Amino acid sequence: MTTESTAATPVGSAAPAPKGAPVLKLTDINMSFGATQVLLDVSIEVRAGEVLCLLGDNGAGKSTLIKIMSGVYQPKAGKIEVDGEEVTFSSPRDTAKHGLATVHQFGGTFPLMTIGRSFFVGSEPEKGWGPFKRFDRKYANETAVREMRALGLTRITDGNRLVGGLSGGERQVLAIARAVHFGARVLVLDEPTAALGVKEAAHVLRIVMQARKKGIAVVFITHQVTHALTVGDHFAVLIRGIKAADFRKGEKTREEITDLMAGGEAMAELEAELEAYQFAGHGESTELPTA
Ligand SMILES: Nc1ncnc2c1ncn2[C@@H]1O[C@H](COP(=O)(O)OP(=O)(O)O)[C@@H](O)[C@H]1O
Ligand SMILES: [Mg+2]
């Protein structure tokens, strides 16, 4: 098979780590819900014009980490820095002030709103004055359609259409177009290609590359290794809330990455075995076993 030869060689050429402070840096983030530890000492960083892929199986803690970097959750411990300055995100509004835009898993757009409305939600353009002020529908619709078309969605011509009538891929494009229009410096995308067909996924991946070219720092979450390899400069793998690997493009093969992610299950089994072993009185001993 032709794909086998590429699987054995590192994907892409090794890219050196860029210089300067990361736009967004998280250090030793811990998160728990009740007694459940969901993230343990997770550190990641992303720089301008770079795509950081956050990989991990379902339940690994990816969405939780994303909600921490977008102000939805506050971590139990850890540090968040923007441009090298420590910050606290107490709400999603806070993160917008720092130029972060997040597109949450399963949309994050509003199905019953028109395209124009949803594009400008929270920063509605107005016309008129005083009591005659009203939402400038024409401007909103034209701008939304223009920005979506600029990202290749030429099918969309009417900003009055409801968001609920768009396909999954079109909704992702709308959300990304919105972030780019409002000058996002960090774009966080939670599994934007997960529910899409091949063609739509390819379109979204192309747009991610466009954003990267504009100098935006992109955090791209996925559990699909192929999608990650297509756009990623830098990769972090989460397994059950722990960062199991952190590498740059060209440092690992597709096979190694797939094994790593699949390794989550095996690692958990091993942990359970070790725990049982310790419980039986074999562990925690500093003495050498006497055979
Ligand atoms: N609000 C919550 N309350 C309790 N447990 C949660 C909550 N959100 C997520 N979890 C748990 O945290 C773990 C990680 O979830 P999540 O971050 O959604 O993973 P991923 O996005 O990688 O699939 C899962 O075991 C999930 O059940
Ligand atoms: Mg998730």
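Here are a few notes on the sheet and the ligand site in this predicted model.

1. Start with the sheet. There are 4 strands in an open arrangement, ordered E2-E1-E4-E5, and the pairing is antiparallel. E2 (36-46) and E5 (85-87) sit at the edges with a single partner strand each, so one side of each has no neighbour in the sheet. From one strand to the next, the twist averages 30°.

2. On to the pairing of E1. With E2, strand E1 shares 7 bridges and runs antiparallel; within that pair, Leu 26 has Ile 44 of E2 as its bridge partner. The hairpin these two strands form has 2 residues between them, and Gly 34 there adopts a positive phi near 60°.

3. E1 (residues 24-33) also pairs with E4 (residues 77-82), again antiparallel, over 5 bridges. Look at Leu 24 here: its bridge partner in E4 is Val 82. Helix H2 (residues 62-69) packs on the sheet, where it touches E1 and E2, and its direction makes about 120° with that of E1.

4. Now the ligand. Which residues are around ligand 1? They are Phe 33, Thr 36, Val 38, Gly 56, Asn 58, Gly 59, Ala 60, Gly 61, Lys 62, Ser 63 and Thr 64. E2 and H2 are the elements giving two or more residues to this shell, and H2 has the largest share, with 3 residues.

5. If you care about the chemistry of that shell, the split is 3 nonpolar, 7 polar and 1 charged. H2 is worth a second look, since this helix both packs on the sheet and supplies the largest share of the shell around ligand 1.

How values were computed
Residues are numbered from 1 along each chain as its sequence is written. Chains are lettered from A and ligands numbered from 1 in the order in which they are written. This is a predicted model: local features need pLDDT of at least 70, side-chain atom pairs count only at pLDDT 80 or more; totals for chains, interfaces and linings use all residues. Two strands pair if DSSP finds at least two bridges between them. Axes are lines fitted to C-alpha atoms, for helices over the stretch in contact, and angles run from 0 to 180 degrees between N-to-C directions. Two residues are in contact if their C-beta atoms, placed from the backbone, lie within 7 Å. A residue is near a molecule or strand if its C-beta atom, placed from the backbone, lies within 6 Å of it. Ala, Val, Leu, Ile, Met, Phe, Trp, Tyr, Cys and Pro count as nonpolar, Asp, Glu, Lys and Arg as charged, and the others, Gly among them, as polar.
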